[in-house]
Amino acid sequence: MKETPVNKIMESTLQKMREMVDVSTIIGEPIVTGDTTLIPVSKVSYGFTTGGTDLPSKQNKELFGGAGGGGISITPVAFIVIQDTKVRLMQIDNYTSSADRAISMIPELIDKVSELIAAKTDDKKEEAAE
């Protein structure tokens, strides 16, 4: 592909955007408070555009006009809460549908089922020991 000023503008725009957004922007640094750890989770949206044109000139020299731009939106959406041995996802926004609510309850459901299985296993061990 031929190297043009538009390519240079695109590379520069993308490089600056890469510098602003990395994995730690989406999954933030853990925050430890006592026995609880909070990990922020964000949604990142971005867009960019670049354009340019060669301008006619009466001189032998080529003239080029171009520009590039971009935008980034970072929105906090949830926290992963780790307390004791339990992990929960706490959404910041209200649930938009029943499916969202059901999905957010899955970790809690798994914890409850694990506790029930562990309790039944302990009961069987105690009965066998008697």
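In the predicted model, a nonpolar surface patch of about 310 Å² is formed by Met-10, Tyr-46 and Phe-48. Of these residues, Met-10 belongs to helix H1, which covers residues 5–20. Met-10 has a relative accessibility of 32% and is therefore classed as partly exposed, a value that also lies over the 30% relative accessible area required of residues that make up a patch.

The chain as a whole contains three helices and four strands, and these elements follow one another along the sequence in the pattern α-α-β-β-β-β-α. The overall dimensions depart from those of a compact globule: for 130 residues such a globule would have a radius of gyration near 14 Å, whereas the chain has 27 Å. Taken along the principal axes, the box filled by the C-alpha atoms is roughly 100 × 30 × 30 Å. Burial was assessed over the 130 residues of the chain, of which 11% count as buried. The accessible surface amounts to about 10300 Å², and 57% of this surface belongs to carbon and sulfur atoms. With regard to contacts between residues at least 6 apart in sequence, 50% join residues that are at least 24 apart.

Charged side chains were examined next. The count of salt bridges in the model comes to one, and it is made by the side chains of Glu-115 and Lys-86, with an N to O distance of 3.0 Å. This pair links distant parts of the chain, since Glu-115 is placed in helix H3 (residues 98–129) and Lys-86 in strand E4 (residues 86–91), with the two positions 29 residues apart in sequence numbering. Glu-115 has a relative accessible area of 40% and is thus partly exposed; Lys-86, at 41% relative accessibility, likewise counts as partly exposed. Both values fall in the interval between the limits of 20% for buried and 50% for exposed residues.

Helix H3 also contains Pro-107, which is partly exposed with a relative accessible area of 28%. The C-alpha atom of Pro-107 is separated by 6.2 Å from that of Arg-88, although the two residues are 19 positions apart along the chain. Arg-88 was further considered in relation to Ile-31, from which it is 57 residues apart in sequence and 15 Å apart in space, as given by the C-alpha to C-alpha distance.

Ile-31 itself is located in strand E1, which comprises residues 31–33, and its relative accessibility of 40% places it among the partly exposed residues. When residues up to four places away in sequence are left aside, Ile-31 touches Thr-36, Thr-37 and Leu-38. The first-named of these partners, Thr-36, is situated in strand E2, which spans residues 36–55. In contrast to the partly exposed Ile-31, Thr-36 counts as buried, because its relative accessibility is 12% and the limit for burial is under 20%. The surroundings of Thr-36 include, beyond residues up to four places away in sequence, contacts with Ile-31, Val-81, Ile-82 and Gln-83. The side chain of Thr-36 is additionally joined to that of Asp-35 by a polar contact of 3.4 Å.

Strand E2 holds a further buried residue, Ser-42, for which the relative accessible area is 15%. Ser-42 touches Thr-25, Ile-26, Ile-74, Thr-75, Pro-76 and Val-77, again without counting residues up to four places away in sequence. Of these partners, Ile-74, Thr-75, Pro-76 and Val-77 carry numbers within the range of strand E3, given as 63–83.

The loop between strand E3 (63–83) and E4 contains Asp-84. The backbone of Asp-84 has a phi value near 55 degrees, which is positive in a residue other than glycine. At 62% relative accessibility, Asp-84 counts as exposed, the limit for this class being over 50%.

Key: Residues are numbered from 1 along each chain as its sequence is written. This is a predicted model: local features need pLDDT of at least 70, side-chain atom pairs count only at pLDDT 80 or more; totals for chains, interfaces and linings use all residues. Side-chain values use heavy atoms; hydrogens and water are left out. Patches are made of residues with over 30% relative accessible area and no salt bridge: like charges are joined within 9 Å, nonpolar side chains (Val, Leu, Ile, Met, Phe, Trp, Tyr) within 5 Å. Accessible areas come from the Shrake-Rupley method with a 1.4 Å probe; for residues, only the protein chains shown count as cover. A salt bridge is a side-chain nitrogen of Lys or Arg within 4 Å of a carboxyl oxygen of Asp or Glu. Buried means under 20% relative accessible area, exposed over 50%, partly exposed in between (1.4 Å probe, protein chains only). The radius of gyration is taken over C-alpha atoms; the globule rule is 2.2 Å times the number of residues to the power 0.38. Contact means heavy atoms within 4.5 Å. A polar contact is a pair of N or O atoms within 3.5 Å; within protein, one must be able to donate a hydrogen and the other to accept it, and residues adjacent in sequence count only if both atoms are side-chain atoms.
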